[in-house]
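Me: Could you take me on a close look at the place where the ligand sits? I'd like one connected account of what surrounds it.

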Amino acid sequence: MKSARIAGLGKCLPPNVLTNADLEKKVDTSDEWIITRTGIRERRIVKAGESASDLAREASLQALKRAGIKAKDLDLIIVATITPDTQFPATACHLQNAIKATNAICFDISAACAGFVYALNTAWQFIKGGLYEKILIVGSEVLSSITDWEDRSTCVLFGDGAGAAVLLPTTSDKGVLSSYMGSDGSQTDILIVPGGGSRCPASIDTLKKKLHYIKMRGNELFRIAVRVMAEAAEKAITNVGLQTSDIDILVPHQANKRIIDAVAQRLKIPREKVYMNVDRYGNMSSASSAVALCEAWEKGEIKDGDLVVLDAFGAGLVWGSCVIRWV
Ligand code: ACO
């Protein structure tokens, strides 16, 4: 039976660092509040004019190099993003042009913070089905472009970045083993950018009301995130006859240290098996789990044979988990 393995990982974090101390000068907040409530110390912000496909390009070229694959050999590019370069065409098409992946077909996935897990699962299905073999998946976000820098309840949370992975087929018993995904469209307003779409087209009025920025009821999301992330990881693991005690490393979406701690506690996974970088980058939506996976691998925290579990949750609501036996 054919499966997919991750053959190369890459990441791009803009060099410009925005610290909690910087934010104290912009809004009524404090380093102490941000660290205690979220675990975030700093985040990266793009320079003016830099877009999701610019970050995706850097991450993708690194992933391709590490996989030993040329861009023109790619069959498919999937970009997960909620901050596309343009409403259309897809950011995946902008990326295709930037890396000259002339033979790939391209599309975007909109699954917010679960976007990279949704992209990974989609790519896995294409490889299993035999339609495509060499697939680039990317989570790339310029969340600073949809952040209200006067709203202290959201502006302290988000950052910019991108992570990429090249997937190739494998016939070994390793690679992607299992996934579980969920969605709940009855809660779309809990985390949303309400303006700029066909329901509420961009106008002077939407700009005045700041409807093109992220609106979030964080407190309600927190409780749901802990529950569904724990459920998703547990289901993805038990679906293939494994147990949470078999996990070597949990790579969760990096929204909030308290959410990650609570999920790990529910899954009974010790802290040392949980990868965390939310302190340095904040929540980068679809890029968060992609960058975390890449960093964990770069630091040698993921080795051949390890059981790696990705676990994410975001606006939609959407959530999902992927189990990978590393090869
Ligand atoms: N600085 C100081 N005080 C603040 C700040 C701030 N930056 N932000 C809010 N406060 C205040 C509030 O006004 C409130 O004050 P009040 O009690 O006088 O009304 C108080 O702090 C508590 O606010 P809460 O919202 O209840 O704080 P909470 O402990 O829930 O933390 C947070 C907020 C960090 C947003 C948390 O709820 C969270 O992380 N939620 C989940 C976010 C998430 O997972 N999002 C999904 C993924 S993102 C995506 O898909 C794009």
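Reply: Let's begin with the two domains: domain 1 (3–171) and domain 2 (176–325) each contribute residues to the shell around the ligand, so the ligand lies between them. Do keep in mind that this is a predicted model. The space that the ligand takes up is the second largest pocket.

Now for the elements that build this shell. At least two shell residues come from each of helix H2 (31–38), helix H6 (152–155), helix H8 (218–238), helix H9 (257–267) and strand E12 (307–314). Of these, H8 gives the most, with 4 residues.

In total, 27 residues surround the ligand, and those that come nearest are Thr29, Arg37, Cys113, Asn219 and Asn256. Sorted by class, the shell holds 13 nonpolar, 10 polar and 4 charged residues.

Some of the side chains make polar contacts with the ligand. Asn219, which is among the nearest residues, has a side-chain N or O atom 2.6 Å from an oxygen atom of the ligand. Trp33 places a polar side-chain atom 3.4 Å from a ligand oxygen atom, and for Arg258 the distance from a polar side-chain atom to an oxygen atom of the ligand is 3.4 Å as well. As for how much of the ligand is hidden, its accessible area on its own is 1,000 Å², and the protein covers 75% of that.

If you're following along in the 3D view, Asn219 is a handy place to start: its residue number falls within helix H8 (218–238), the element that gives the most to the shell.

Note on methods
Residues are numbered from 1 along each chain as its sequence is written. This is a predicted model: local features need pLDDT of at least 70, side-chain atom pairs count only at pLDDT 80 or more; totals for chains, interfaces and linings use all residues. Side-chain values use heavy atoms; hydrogens and water are left out. A residue is near a molecule or strand if one of its heavy atoms lies within 4 Å of it. A polar contact is a pair of N or O atoms within 3.5 Å; within protein, one must be able to donate a hydrogen and the other to accept it, and residues adjacent in sequence count only if both atoms are side-chain atoms. Accessible areas come from the Shrake-Rupley method with a 1.4 Å probe; for residues, only the protein chains shown count as cover. On a 1 Å grid over the protein atoms alone, a cavity is a set of points where a 1.4 Å probe fits but cannot get out, and a pocket is an open set with protein on both sides within 12 Å along at least five of seven lines; lining residues have an atom within 4 Å of a point. A molecule sits in a cavity or pocket if more than half of its atoms lie within 2 Å of its grid points. Ala, Val, Leu, Ile, Met, Phe, Trp, Tyr, Cys and Pro count as nonpolar, Asp, Glu, Lys and Arg as charged, and the others, Gly among them, as polar. Domain bounds come from an automatic or database domain assignment.
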